[in-house]
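Let's take a walk through a protein together, starting with the whole fold and then moving in on a few charged side chains. Keep the structure turning on your screen as you read.

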Amino acid sequence: MTSVALLGTGIMGAAMARNLLRAGLDVTVWNRTRERAEPLAADGATVAATPAEAVAGADVVITMLDDGDTVLAVMGDAASALRSGQVWAQMSTVGLEAVEPLAKLAAEHGVTFVDAPVQGTRQPAEQGQLVVLAAGPESARASLEPVFGAVGRRTLWLDTDGAGGAAQRLKLVAVSYAISMTGLVGETLGLAKGLGVDAALFAEVVTGGPLDSPYLQAKMKAIADGDFTPSFTARNARKDTRLIGAAAAAAGVRADLNEATGERLRRAVESGHGEEDMAANYFASFES
């Protein structure tokens with residue numbers, strides 16, 4: 001049986017842990033706020049008190065944390081218990097600059113580093129339908145097959161070097177699309193409200209036509225119902241717009257929609273909507 005240590009049990013990490021357990025894997029979890037990890041004990045997970053306790057003896061270590069600095073700090077705390085031969089699947093969205101220091105830390109401890117951010121939000125994570133964007137040596141793939149198979153519907157292997165940034169680049173492109181589209185929906189419905197247009201009439205215009213999509217329908221419904229239960233929080237989306245912006249600038253690309261959506265998300269976060277779904281950028285239409 002493959003043993004997995006999963007560090008970070010937020011919206012995505014908790015869902016992934018449950019799918020790993022359903023697949024019959026031995027799972028130990030850790031979260032900085034222990035109360036967010038403890039419910040997983042009822043599903044069969046072992047809850048560790050420290051990152052080092054979690055990774056000790058694990059075949060595969062997964063990090064699913066907020067950003068690159070957090071991943072580096074947590075794995076630094078775990079370093080004393082890392083052992084040669086372990087595989088580290090770094091599944092957070094950390095951006096391009098963070099990958100090399102993480103890979104360096106892995107190499108210092110003889111751990112095989114695989115950069116494997118995921119595309120998808122809470123619902124695909126709960127359903128085991130994420131898309132895993134992976135870069136790492138072929139020698140690690142057999143160990144990761146049951147892990148990635150439990151959390152995702154598909155794995156795209158992009159490179160044999162986890163430090164090369166291929167997985168993060170594709171993730172930034174994909175998440176840019178999702179975040180910018182969500183910003184567009186929020187702004188459009190904000191404009192409708194400001195102009196006195198019933199949002200249901202806008203929905204009637206686009207539904208079933210070439211501009212329609214399941215994603216549009218889901219976000220329109222969330223805003224119409226006032227249900228901002230997070231699939232992907234406004235705070236995390238704001239973080240990702242900064243990563244996208246940095247990567248775009250380094251590549252000489254003008255990412256205007258990303259910049260504008262990041263500003264909407266900043267206003268939403270600062271007005272108290274940071275832990276709500278990123279569709280809450282809707283409120284930025286009315287707040288300076």
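Among contacts in the protein between residues at least 6 apart in sequence, what percentage join residues at least 24 apart? The figure is 66%. Keep that in mind as we go, and keep in mind too that this is a predicted model.

Let's begin with the overall picture. If you count up the secondary structure, you get eleven helices and nine strands. How compact is the protein? Its radius of gyration is 20 Å, and the globule rule gives 19 Å for 288 residues, so the protein is as compact as a globular protein of that length. You can also picture a box drawn along the principal axes: the C-alpha atoms fill one of roughly 60 × 45 × 35 Å.

Now think about inside and outside. Of the 288 residues, 49% count as buried. The accessible surface comes to about 13000 Å², and carbon and sulfur atoms account for 53% of it.

Next up are the charges. The protein carries 24 positive and 34 negative ones, and the mean positions of these two sets are 1 Å apart. Some of these charges pair up, and the count comes to 14 salt bridges.

Let's look at a few. In one of them, the side chains of D43 and R18 meet, with N to O at 3.0 Å. Why does this pair tie separate parts together? D43 sits in the loop between strand 2 (26-30) and strand 3 (46-47), while R18 belongs to helix 1 (residues 11-22), so the salt bridge joins parts that are 25 residues apart in sequence. Are these two side chains out in the open or tucked away? D43 is partly exposed, at 39% relative accessibility, and R18 is partly exposed as well, at 27%.

Now find R235, which takes part in a salt bridge with D66 at 3.5 Å, N to O. R235 is in helix 10 (residues 234-250) and D66 is in the loop between strand 4 (60-63) and helix 3 (68-78), so this pair ties together parts that are 169 residues apart in sequence. R235 counts as partly exposed at 33% relative accessibility, and D66 does too at 35%.

R235 also forms a salt bridge with E275, where the closest N and O atoms are 2.7 Å apart. Here R235 in helix 10 is linked to the segment after helix 11 (256-273), where E275 lies, and the two residues are 40 apart. E275 is partly exposed, with a relative accessibility of 47%.

Salt bridges can also join up into a group, and you can find one here: E263, R266, R267 and E270 are linked in a network.

Let's finish with another arginine, R264, which is found in helix 11. Is R264 buried or exposed? With a relative accessible area of 7%, R264 is buried, since anything under 20% counts that way. Which residues does R264 touch, leaving out those up to four places away in sequence? They are G183, G186, E187, N281, Y282, A284 and S285. Try picking these out on your screen, with R264 as your starting point.

Conventions:
Residues are numbered from 1 along each chain as its sequence is written. This is a predicted model: local features need pLDDT of at least 70, side-chain atom pairs count only at pLDDT 80 or more; totals for chains, interfaces and linings use all residues. Side-chain values use heavy atoms; hydrogens and water are left out. Helices (H or I, at least four residues) and strands (E, at least two) are DSSP runs, numbered from the N terminus. The radius of gyration is taken over C-alpha atoms; the globule rule is 2.2 Å times the number of residues to the power 0.38. Buried means under 20% relative accessible area, exposed over 50%, partly exposed in between (1.4 Å probe, protein chains only). Contact means heavy atoms within 4.5 Å. Accessible areas come from the Shrake-Rupley method with a 1.4 Å probe; for residues, only the protein chains shown count as cover. Lys and Arg count as positive and Asp and Glu as negative; His and the chain ends are not counted. The place of a charge is taken as NZ of Lys, CZ of Arg, CG of Asp or CD of Glu. A salt bridge is a side-chain nitrogen of Lys or Arg within 4 Å of a carboxyl oxygen of Asp or Glu.
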